[in-house]
Amino acid sequence: MITLKVKQKRVGPVVGCHPWVFSQAFLSIPDGIQSGDPVVLRSEDGKFLALGYFSSYSQIAVRLWGYDESEKVDEEFFVRRVEKAYTFRKRYVEMTGTNAYRLINGESDFLPGLIVDKYAGYLVVQFHTRGIEHWKKEIVAALEKVMVPLGIYERSDISVRNIEMLEERSGLIAGHVPDLITIEENGFTFLVDVQHGQKTGFFLDQRDKRHAFMKYSKDRSVLNCFSYTGGFSVYALGGGARSVVNIDSSASALALAEENIKLNGFDSGRCTFICDDVKKYLRDTTETFDAIVLDPPAFIKDRRKKHEGIAGYKTINERAIKALSRNGILVTCSCSAHLTLEDFRYLLSEVGGKLRKPLSILEAYTHGIDHPRLLPFTEGDYLKCFMLALNDQ
């Protein structure tokens, strides 16, 4: 195994268990190391620090995946990682009525660059980095051994791979995967298109937020913006909503949303499905709603465009608040990693102040329990959600 020595003044983050080590932290990096090669990190005086894999010669040089000096990197290494992650989910997530969740959450499950989502008896995988893709064969074998899935589908059709000049890739890896997978979540049933849907097919990270929204939807008219396949809409109807308007730019997503609503025994006649741009709809609508859900795609995909993205969040939240009825509820989310929870709260307060509308935080959420993050790994934070009450005087 290749040994790399960390400069004494750069040892702190490694000792503190941050999973990324940048190239400037090393005394030197020999030529010829390949992405994915196992490395052991030591201090200048030779003390063991961590295990990882070599990522690149620029910026993030090493991604860490262990702190046991005696651990050998082979198929059993990945079996142990998958078993540990699965044991955690079985204890805290998997239960009667829920069989879909994030199984492997990259760095925070000590497999940096790897995402694995479980949908009933099927798995969907994403390889984000060249280094983790180097171990694809061993990872797939470990997943098959531990999880015994009916099928494994790859959804590495993600732009982050372009940074490492990897082609985007998707397709069947093992077994078989149907066009639509039926999953259960908190007792509700959903059809998921893992082959063509957004991300890996379903927004698993919003499970707890959807459940929390039920109590705010009783006897209310609900507007579900960026409704996708109707996750929040099903929960709203389950909570007793009078009516739900679903709006999304994808006609196929709306069609699946209607199927999901029917699948759970709700009257689709209580729902409206509008294929339109959400920003335009909110600008033009004259209707008001008792509760509005805003769950948009990331408006800030590049830190250099943070100012532009913040303006976008302000605009859409301002329009939503204007469409709220008296003392309404706003569930507003951001999945932009470059926008902190504090920044999101501040921009929402600015919007409320501009409109002279007092807003109160009822609940605040980040990632679900199946999306753990290492404490020092703030770069892994992306999702934030506020459930707000409009306090009309």
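This passage describes a five-stranded sheet and the helices that pack beside it in a predicted model. Residues are numbered from 1 along each chain as its sequence is written, and side-chain values use heavy atoms, with hydrogens and water left out. Local features need pLDDT of at least 70, side-chain atom pairs count only at pLDDT 80 or more, and totals for chains, interfaces and linings use all residues.

The sheet is open, with strand order β6-β7-β8-β9-β10 and mixed pairing; strands (E, at least two residues) and helices (H or I, at least four) are DSSP runs numbered from the N terminus, and two strands pair if DSSP finds at least two bridges between them. Because β6 (100-105) and β10 (169-175) are the edge strands, each with a single partner, one side of each has no neighbour in the sheet. From one strand to the next, the twist averages 20°. The pairing of β9 (residues 151-156) with β10 is antiparallel and spans six bridges; here I152 has A174 of β10 as its bridge partner.

Helix α4 (residues 136-147) packs on this sheet, in contact (heavy atoms within 4.5 Å) with β6, β7 (114-119), β8 (122-127), β9 and β10. The direction of α4 makes about 160° with that of β8, where axes are lines fitted to C-alpha atoms, for helices over the stretch in contact, and angles run from 0 to 180 degrees between N-to-C directions.

Helix α2 (residues 75-92) also meets α4: their axes come within 8 Å and cross at roughly 50°. Residues of α2 in this contact include F78, V79 and Y86, and those of α4 include I139, L143 and M147.
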